[in-house]
Amino acid sequence: MQHTPHAVLPFAPRLCFYFAFCTAFYLLFLFSPIHAIPLTIRHIAIEGNTRTHTSIIQRELLFQSGDSLDTLKIAETERNLRKLYFLGNVHISIQTDSTWADVTVRIQDLYARALSPLLSGNINELSYGLTALDFNFLGRGQTVQLTGFHDAITGNSARLYYRNPRLLESRHNFTSDIEIADEGHFLYFSVNQPFYTLSTSGSYGIAIYDQQQIERRYRGGALTARYTDRISGGSVYLIRSYGNRIKMRPGIQVNFSDRRFTPEPGYTYAPQNRRRVLPSALFTLWQPHYEKQTFVRELGRIEDLQMGSWITTSIGISSTALASNQNFIFYRLQLVPRYQYNNTFFFSEISVNGRLQNSSYADLLTHAELSIYTRIRTIHVIAFRARFDALARPEDANQLLLGLTNGLRGYTPRRFDGTHRYTLNLEARPTLYQQSRFTLGAAAFFDVGDAWTSSSPSFNAAAGLGLRLAFAQVYDQPILRTDLAYAFRDRSWQISFGLGHYF
């Protein structure tokens, strides 16, 4: 007898239909709005502010009562608040109840008003001063700073700085900077709207300035040229932002300046006078990615490390038809790759600036740098930096200096000079003691470097020890640095002081 499958065929369509129906029902249930109902912010509480007005904290929040809860905006608000010099630790907690969410913003007010001494340089060339400042003027987040300073090279100066990040309660930032010195002056005023959130669609600004100072050129540590540099100018810019996970930011900018040079008595060299009107087009491609860490680049403070890579390009023209005194094309390329592997953080940068003039390049500046920070047992760090800079066909008699203040401790600040420079720095940063008010750290370091023009680079090394002291409850949580270094080539010791890590 011949077997026929006709008896089972009617069941197959029903089975397929049943399977498709169950799958569709499951997917509909899985992605049903029942499981995606957003929580609504019912109440916002701000705690911990003793000096800062509550309204100043409220205006920085990227959410308000009645909004749907957005964890990305919560994290971004924390970062924005931590950027403020007068705030320390910031933590936002969320309590949920059915479809509601209550948000609590806990902040730490730092000591933002101070009368602070300033000290930098080495024991034979010491610069010192006194600054009175308030990073939270009248509790409203404004900055006022008055500084008197004696520079070992340039002499005395007095400076008044003021910044209002919310001009007339808007998103506009107003900055003024006025300095009067033995060797000149500096006047600067600007109004701009920054990218205050990742979703901000545009940034723009305008700035004007007037500056006069004395420039110096050295050879083998000896002064060879000294001239007055007087420049007046300004800039305007407009940048747009597109995209979410990847930010594309095209923009335009116009810089304008009028610059005059005059040799000082006893010297003959000075650059040629110049007038520039420089329109340019800008473009940035950036992947935002933040890591909340401690003990990486700072000494104990919470750091919002930007680990997203970016690339920036710009190109513009200088033309006599636009009132400039020369014709050329100028360009800039900056590539900034960043990477994290477990407790090791890689920060790198490659940049090229220059111009095309008369069918050849000029004023070319090349910079490459790699910094690596490895965190050990949460509070200790091994830090390494490799850096290279080069000048080619500079417009003026510019040079690269190397010494104590330029990457090579143990040597005088202008010990080496040239058009090429490299530095290698290795530093062990153990944390010795930490408590709520301050953190005490140390440093054991080894530096290598050279600056040269036509000859081959040499191996100039220095090694030493240092101390680091960070104040956890003071504005911007500053780090006081002191180092004792021995220069192997010069067989000499140098003691240096400063603010912040050496790199």
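This passage walks through a few local features of a predicted model, from a strand and its partners to salt bridges, a helix and some unusual backbone angles.

Strand 28 (residues 479–487) is a good place to start. Its side chains alternate: I479, R481, D483, A485 and A487 point to one face and are buried, whereas L480, T482, L484 and Y486 point to the other and are not. That fits the usual picture, since side chains in a regular strand alternate between the two faces of the sheet. On one side of the pairing pattern sits strand 27 (residues 460–471), which runs antiparallel to strand 28 and is joined to it by nine bridges; here A470 stands opposite I479. Strand 29 (residues 492–499) is also antiparallel to strand 28, with eight bridges between them, and A485 faces Q494 across that pairing. The hairpin of strands 28 and 29 has four residues between the strands, and R491 takes a positive phi near 55 degrees there.

The buried face of strand 28 includes some charged residues, R481 and D483 among them. D483 meets R409 in a salt bridge with an N to O distance of 3.2 Å. Because R409 lies in the loop between strand 22 and strand 23 (416–418) while D483 belongs to strand 28, this pair ties together parts that are 74 residues apart in sequence. Both R409 and D483 are buried. D483 also forms a salt bridge with R468, this time at 2.8 Å, N to O. R468 is in strand 27 and D483 in strand 28, so this second link spans 15 residues in sequence. R468 comes out at 1% relative accessibility and counts as buried, and D483 has a relative accessible area of 2%. Through shared partners, salt bridges join R409, E427, R429, D447, R468, R481 and D483 into one network.

Elsewhere, the model holds 36 salt bridges in total. One of them pairs D229 with R259, whose closest N and O atoms are 2.6 Å apart. This links distant parts of the chain, with D229 in strand 11 (residues 222–240) and R259 in strand 12 (residues 247–263), 30 residues apart. D229 is buried, at 2% relative accessible area, while R259 is partly exposed at 24%.

Helix 3 (residues 71–82) has 12 residues and reaches 17 Å from first to last C-alpha, close to the expected 16 Å. At its N-terminal end D70 acts as a cap, with a side-chain oxygen 2.9 Å from the backbone nitrogen of L72. The buried residues of helix 3 are I74, E76, T77, E78, R79, N80, L81 and R82. Their cover includes helix 2 (54–58), strand 2 (87–97), strand 3 (100–109), strand 14 (290–293) and strand 15 (303–306).

T423, in strand 24 (residues 420–429), is buried with a relative accessible area of 3%. Setting aside neighbours within four places in sequence, T423 is in contact with R385, A386, R387, L402, N406, G407, V448 and G449.

Finally, two loop residues show a positive phi without being glycine. L168, at about 55 degrees, sits in the loop between strand 7 (155–164) and strand 8 (173–181), and is exposed at 78% relative accessibility. R393, at about 50 degrees, lies in the loop between strand 21 (380–392) and strand 22 (400–402). R393 is partly exposed, with a relative accessible area of 48%.

Key: Residues numbered from 1 in each chain as written. Predicted model: local features only at pLDDT ≥ 70, side-chain atom pairs only at ≥ 80, totals over all residues. Heavy atoms only, no water. Buried < 20%, exposed > 50% of the residue type's maximum accessible area, 1.4 Å probe, protein only. Contact = heavy atoms within 4.5 Å. Pairing = 2+ DSSP bridges. Expected span 1.5 Å × (residues − 1). Polar contact = N/O pair within 3.5 Å; in protein donor to acceptor, adjacent residues only side chain to side chain. Salt bridge = Lys/Arg side-chain N within 4 Å of Asp/Glu carboxyl O.
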